[in-house]
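Visitor: Could you take me through this one slowly, with a close look at one spot to get us going? I'm new to reading structures, so plain words would be great.

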Amino acid sequence: VPEFDIPTAAIESEINQLKTMEAKKGYLEQIFKDDQAVRDSERAAQLMTQYGTDSEEYMEYVKAQWKQDAINLVKIEKYMDAYGHPKKSEVGAAADAPWIVIHHSQGYEARERNFEKIYAAYLNVDFDDGAISFYLGRMHDMKYGKMLDIESPFTTEDEVNQLTKKLGLEEKKARVEEQIKKENG
């Protein structure tokens, strides 16, 4: 994945200007729209069929996706540094933007770096159970080249526990759980 020149200072300035919950919600919704705009499966299939996956045309499509993913990751991380993970009760479905953007980011490191914020949001029910399973499952796939093999039937909690153990995230998970316990008295 190539390095992209990302206007970090401009992004920080944008985020610092978000004074109202409505502005924050709009910002998160725009990040989500930008994320989805570069994910056109029909266009990708057309380019693969017409030119092949090694073609310049297809690689331009992929690079555009990578660049948008890199920009979105900076925006989401800077947003969460400034305001924390968005609460579903305050921004509705826009609270999904962080996990989706991080899930789409290139590389494993961003997922691990943001695990505590994402896990805390999951515990605070700021997105659904499927999201945390998907997020951790993708991490496992990236780290080990395969999805977790888990015996059915299992709950989301079972899956999260097994994945965090296999990924070496138990200490971070415990730290988040302790913090949430303190916050909720």
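Visitor: What relative accessibility does arginine 175 have, and is it buried, partly exposed or exposed?

Guide: Happy to, but keep in mind that we're looking at a predicted model. Arginine 175 has 42% relative accessibility, so it counts as partly exposed. To be called exposed, a residue would have to be over 50%, while buried means under 20%.

Now look at what arginine 175 is doing with its side chain. Its partner is glutamate 116, and the two side chains meet in a salt bridge, with N and O 3.0 Å apart. Arginine 175 sits in helix α11 (residues 170-183) and glutamate 116 in helix α8 (residues 115-123), so this pair ties together parts that lie 59 residues apart in sequence. Glutamate 116 counts as partly exposed too, because its relative accessibility is 26%. The basic idea behind such pairs is that side chains of opposite charge can pair when their charged atoms come close.

Stay in α11 for a moment, since there is another pair to see. Lysine 173 forms a salt bridge with glutamate 177, and their closest N and O atoms are 3.0 Å apart. Here the partners are in one helix: they are four residues apart in α11, so about one helical turn separates them. That fits a handy rule: an α-helix has 3.6 residues a turn, so residues three or four places apart point the same way. The two ends of this bridge differ in how covered they are. Lysine 173, at 12% relative accessibility, counts as buried, whereas glutamate 177, at 29%, is partly exposed.

Salt bridges turn up elsewhere as well; the count for the model comes to nine. One of them brings the side chains of glutamate 12 and lysine 78 together, at 2.8 Å from N to O. This pair links distant parts of the chain, with glutamate 12 in helix α1 (residues 8-16) and lysine 78 in helix α4, 66 residues apart. Both ends are partly exposed: glutamate 12 has a relative accessibility of 33%, and lysine 78 has 26%. There is also a network of salt bridges that links Asp35, Arg39 and Asp69.

Asp69 is a good stepping stone, because it also takes part where α4 meets α6. Two packed helices are described by the angle between their axes and the distance between the axes. Here, the axes of α4 (residues 56-83) and α6 (residues 97-104) come within 9 Å and cross at roughly 140 degrees. That makes α4 oblique to α6. The crossing is left-handed. On the α4 side you'll find Asp69, Asn72, Leu73, Ile76 and Met80, and they meet Ala97, Pro98, Val101, Ile102 and His104 of α6. Sorted by type, the residues of this contact are seven nonpolar, two polar and one charged.

So how covered is α6? Eight of its eight residues are buried. Among them are Trp99, Ile100 and His103. The elements covering those buried residues include α2 (21-37), α4, α7 (109-113), α8 and α9 (129-144). Zoom in on histidine 103 in α6: it is buried, with a relative accessible area of 4%. Setting aside neighbours within four places in sequence, histidine 103 is in contact with Arg111, Phe134, Tyr135 and Arg138.

Next, hop to the loop between α8 and α9, where aspartate 126 has its place. Aspartate 126 is buried, since its relative accessible area is 4%. Its C-alpha atom is 6.3 Å from that of alanine 95, although the two are 31 residues apart along the chain. Apart from neighbours within four places in sequence, aspartate 126 has contacts that include His85, Pro86, Ala95 and Asp96. Valine 125 is found in this loop too, but valine 125 is exposed, at 59% relative accessible area.

Let's finish with two backbone oddities. Most residues other than glycine have a negative phi, and most peptide bonds are trans. Valine 125 goes against the first habit: its phi is positive, about 55 degrees, although it is not a glycine. Serine 152 and proline 153 go against the second, being joined by a cis peptide bond with omega at about -5 degrees. You can find proline 153 in the loop between α9 and α10 (156-166).

Methods: Residues numbered from 1 in each chain as written. Predicted model: local features only at pLDDT ≥ 70, side-chain atom pairs only at ≥ 80, totals over all residues. Heavy atoms only, no water. Axes fitted to C-alpha atoms, helices over the stretch in contact; angles between N-to-C directions. Helix = DSSP H or I, 4+ residues; strand = E, 2+ residues; numbered from the N terminus. Parallel < 35°, antiparallel > 145°, perpendicular 65-115°, else oblique. Left-handed = near helix turned anticlockwise from the far one by under 90°. Contact = heavy atoms within 4.5 Å. Nonpolar A, V, L, I, M, F, W, Y, C, P; charged D, E, K, R; others polar. Salt bridge = Lys/Arg side-chain N within 4 Å of Asp/Glu carboxyl O. Buried < 20%, exposed > 50% of the residue type's maximum accessible area, 1.4 Å probe, protein only.
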